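Grab a coffee and open the viewer. Below are some short exercises, each with a worked solution to follow step by step.

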Amino acid sequence: AAGVERLAKQKAVVRRLLAAETLGSTTIILTDKTGTLTEGRMELVSIEADGQDEKKILEEAMCNVDAIIENPEDEAHEWRIVGRPVEVAIVRAAGAYGVQPGRCVAKDRIPFDSTVKYSAALLDGGHDRAVYLGAPEILLEASDIPATDKTRWQAIIEKRTGTGERLLGLASVSATRLDHRKTLPPGLAFTGLLVMRDPLRKTAKVALERIRAGRHCPKHRRHCGG
C-alpha cells in the first residue's frame, strides 16, 4: 500500500496492488525499440556504391517504391510523402540528391513481396534494364559477380547490420521483360547498398540512465532514478 501511495504521488496509477510489488522487484525490462526508444521513422544515412554514381543508385531505387508525393511541385525538403517508412526514406533522400519525381520511367514493375523479399522495375532509359531492390543477402546470393566481390560485400553487410542499421540491396541486369514468376534472372549484377537507420529519441539515453540509477540506488532513499 505504501508503494502504491508513493507511485500515486509521482502520477502513476496502479490498478492492482501486486503490480507495485512487481515493479519493486524488477531486474530486467524488455521494451519495444521502434517508436519507443527510436523516433519511428527511417532515414538514409549512407550509400555503399562500390564506385557507382550515388545519385543514379537512388534514382533506380526510387523506381521500385510505391510512395506518393502529394506536392511534387514544391521543394524536395517540403515534400509530403505517403508510403512505408523505408520507401519514404528513399524518396526523401533521392529528393535531397536532386532526383526529380517522374525522372525514372518503369515500363513494368513487380511490387515488393515479403516472400521473395525484393521488388523489381523494368526501366526504359535508352536500353532495357531490370533493377531489383530488396534484401541484400538474397540479391547478392543470386548475383553473377566474382566470389571475392561476394565475400567483400558479405563482410560489409554483416558489419552494417551489426550496428542495428537497416539495409537494402540494389542489383540490375539487361532485360527486355520481367519474370513475374518471381525468380531472379541469371547475370544479375550487385551494384550497391542503401543504409538506413531509425534515429534514437533524444530522451532514450536519459530514460536508460534513470533506470540504471534506480536499480543501484541505496535502499534507505525514498526516490531514486525517477
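**Exercise 1: a leucine at the surface**

At 38% relative accessibility, L208 counts as partly exposed, because that label covers the range between buried (under 20% relative accessible area) and exposed (over 50%), with a 1.4 Å probe and protein chains only. Before going on, keep in mind that this is a predicted model, where local features need pLDDT of at least 70, side-chain atom pairs count only at pLDDT 80 or more, and totals for chains, interfaces and linings use all residues. Residues are numbered from 1 along each chain as its sequence is written, and side-chain values use heavy atoms, with hydrogens and water left out.

Task: find which residues form a nonpolar surface patch with L208.

Solution. Start in helix 7, residues 204-215, where L208 is found. Then pick up I29 and I211, which make up the patch together with L208. Their combined accessible area is about 260 Å².

**Exercise 2: the core**

Task: work out which elements give two or more residues to the largest nonpolar core.

Solution. First, the core itself: it has 30 residues, and a core here is a set of buried Ala, Val, Leu, Ile, Met, Phe, Trp, Tyr and Cys residues joined through side-chain atoms within 4.5 Å. The members that touch the most others are I81, I90, V91, L133, L168, L194 and M196. Next, the elements: helix 3 (54-62), helix 4 (85-96), strand 5 (118-124), strand 6 (128-134), strand 7 (166-174) and strand 8 (189-197) each give two or more residues. Helix 4 supplies the largest share, seven residues. Apart from this core lies another one of 22 residues, including A120, I145, L178 and F190.

Now zoom in on V91. Leaving out residues up to four places away in sequence, V91 touches M62, V65, A67, I69, W79 and I81, where contact means heavy atoms within 4.5 Å.

**Exercise 3: a glutamate in helix 4**

Task: is E87 buried or exposed?

Solution. Find E87 in helix 4. Its relative accessibility is 7%, so E87 counts as buried. For its surroundings, skip residues up to four places away in sequence: E87 then touches N64, V65, D66 and A67.

**Exercise 4: following strand 5**

Task: trace which strands pair with strand 5, starting from strand 4 and moving on to strand 6.

Solution. Take strand 4 (residues 106-113) first: it pairs with strand 5 in the antiparallel sense over five bridges. Two strands pair if DSSP finds at least two bridges between them. Within this pair, D108 has L122 as its bridge partner in strand 5. On to strand 6, which pairs with strand 5 in the antiparallel sense over seven bridges. Here L122 turns up again, with A130 as its bridge partner in strand 6. As for cover, six of the seven residues of strand 5 are buried.

**Exercise 5: two lysines with positive phi**

Task: where do K11 and K117 sit?

Solution. Most residues other than glycine have a negative phi. K11 has a positive phi of about 65° and is found in the loop between helix 1 and helix 2 (17-24). With 77% relative accessibility, K11 counts as exposed. K117 has a positive phi of about 70° and sits in the turn of the hairpin formed by strand 4 and strand 5, which has four residues between the strands. At 38% relative accessibility, K117 counts as partly exposed.

Methods: Patches are made of residues with over 30% relative accessible area and no salt bridge: like charges are joined within 9 Å, nonpolar side chains (Val, Leu, Ile, Met, Phe, Trp, Tyr) within 5 Å. Accessible areas come from the Shrake-Rupley method with a 1.4 Å probe; for residues, only the protein chains shown count as cover. A salt bridge is a side-chain nitrogen of Lys or Arg within 4 Å of a carboxyl oxygen of Asp or Glu.
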